[in-house]
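Please walk me through this structure, beginning with the ligand and its surroundings and then turning to the cysteines.

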Amino acid sequence: MSTDWEGLYQKGDTGWDKGEAAPGLVDFLAARPELPRGTVLIPGCGRGHDVRAWAGCGFDATGFDLAPSAVRESNERIAKEGLTPKARVLRGNFLDDAPITQFDWIFEHTLYCAIQPTQRDAYAVAAARWLKPGGQFLAIHYLIPDTEGPPFGCTRDEVVRRFETRFELLGEWTPRSYPNRTNLELALWWKRR
Ligand SMILES: C[S@@+](CC[C@H](N)C(=O)[O-])C[C@H]1O[C@@H](n2cnc3c(N)ncnc32)[C@H](O)[C@@H]1O
């Protein structure tokens with residue numbers, strides 16, 4: 001059954017939204033000031049906290065989300081924080097849409113666990129399609145056992161198996177997390193083959 005994301009935003013039923021960027025992303029960017037400042041796509045970006053974190057560090061950041069309310073709220077916050085034109089959020093379907101361009105980076109945070117597990121192969125195909133050859137894919141996964149979602153749980157081995165044919169694994173670690181996700185997240189840093 002598909003999730004009515006727009007309905008959840010309209011009801012304010014957005015418990016996944018912690019009002020700030022993923023702590024693991026904040027640490028990743030702070031620790032690597034030498035990374036070339038390229039383009040980054042954040043699919044399923046919600047209210048855009050991660051989009052603003054990338055843009056605030058000098059990347060050209062594009063969020064992409066299905067829900068019109070998320071897109072509108074994201075762009076209002078981007079404007080309020082003076083991050084235009086380094087950041088923007090567009091409405092669309094990451095799994096189905098043709099890429100508007102190919103990006104240097106993709107950042108995954110709580111989209112993989114939000115889609116139906118049957119859509120995960122389509123996610124891996126889409127990630128390769130939206131990235132430049134040699135582009136980098138940074139993902140923070142939620143390692144919970146839940147089969148009734150969203151969020152739908154995953155394991156490290158399931159995720160690695162799904163991406164390793166198209167991506168080379170550069171690194172993995174347990175990131176700093178929001179308090180209720182401590183030690184439940186896994187960061188995987190990939191390069192598109
Ligand atoms: C669990 S929320 C996470 C939002 C954000 N990443 C965060 O952590 O606050 C999942 C988001 O993905 C969006 N979404 C779901 N399926 C999508 C798809 N196929 N393409 C783009 N966005 C999608 C939803 O509208 C929702 O905003």
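The paragraphs below take up the ligand site and then the cysteines.

The coordinates come from a predicted model, and the ligand is a natural place to begin. The ligand sits in the largest pocket, where 17 residues surround it, and of these Y9, G44, D65, H109 and T110 come nearest. By residue class, the shell around the ligand comprises 10 nonpolar residues, six polar ones and one that is charged.

Several polar atoms of the protein can be paired with atoms of the ligand. On the backbone side, a polar atom of G44 lies 2.8 Å from a nitrogen atom of the ligand, and a polar backbone atom of H109 is found 2.9 Å from a ligand nitrogen atom. T110 contributes through its side chain, a polar atom of which is 2.7 Å from an oxygen atom of the ligand. Taken on its own, the ligand has 600 Å² of accessible area, and the protein covers 95% of that area.

The cysteines form a separate topic. A search of the whole structure finds zero disulfides, and C45 accordingly is in none, the nearest cysteine sulfur being that of C113, 14 Å away. A disulfide requires two cysteine sulfur atoms within 2.5 Å. C45 is itself buried, because its relative accessible area is 9%, which falls under the 20% limit for that class.

Why is C57 not bonded to the closest cysteine sulfur? The sulfur of C57 is 17 Å from that closest sulfur, which belongs to C45, and this is too far for a bond. With a relative accessible area of 30%, C57 is partly exposed, whereas C45 is buried.

Technical notes. Residues are numbered from 1 along each chain as its sequence is written. This is a predicted model: local features need pLDDT of at least 70, side-chain atom pairs count only at pLDDT 80 or more; totals for chains, interfaces and linings use all residues. Side-chain values use heavy atoms; hydrogens and water are left out. A residue is near a molecule or strand if one of its heavy atoms lies within 4 Å of it. A polar contact is a pair of N or O atoms within 3.5 Å; within protein, one must be able to donate a hydrogen and the other to accept it, and residues adjacent in sequence count only if both atoms are side-chain atoms. Accessible areas come from the Shrake-Rupley method with a 1.4 Å probe; for residues, only the protein chains shown count as cover. On a 1 Å grid over the protein atoms alone, a cavity is a set of points where a 1.4 Å probe fits but cannot get out, and a pocket is an open set with protein on both sides within 12 Å along at least five of seven lines; lining residues have an atom within 4 Å of a point. A molecule sits in a cavity or pocket if more than half of its atoms lie within 2 Å of its grid points. Ala, Val, Leu, Ile, Met, Phe, Trp, Tyr, Cys and Pro count as nonpolar, Asp, Glu, Lys and Arg as charged, and the others, Gly among them, as polar. Buried means under 20% relative accessible area, exposed over 50%, partly exposed in between (1.4 Å probe, protein chains only).
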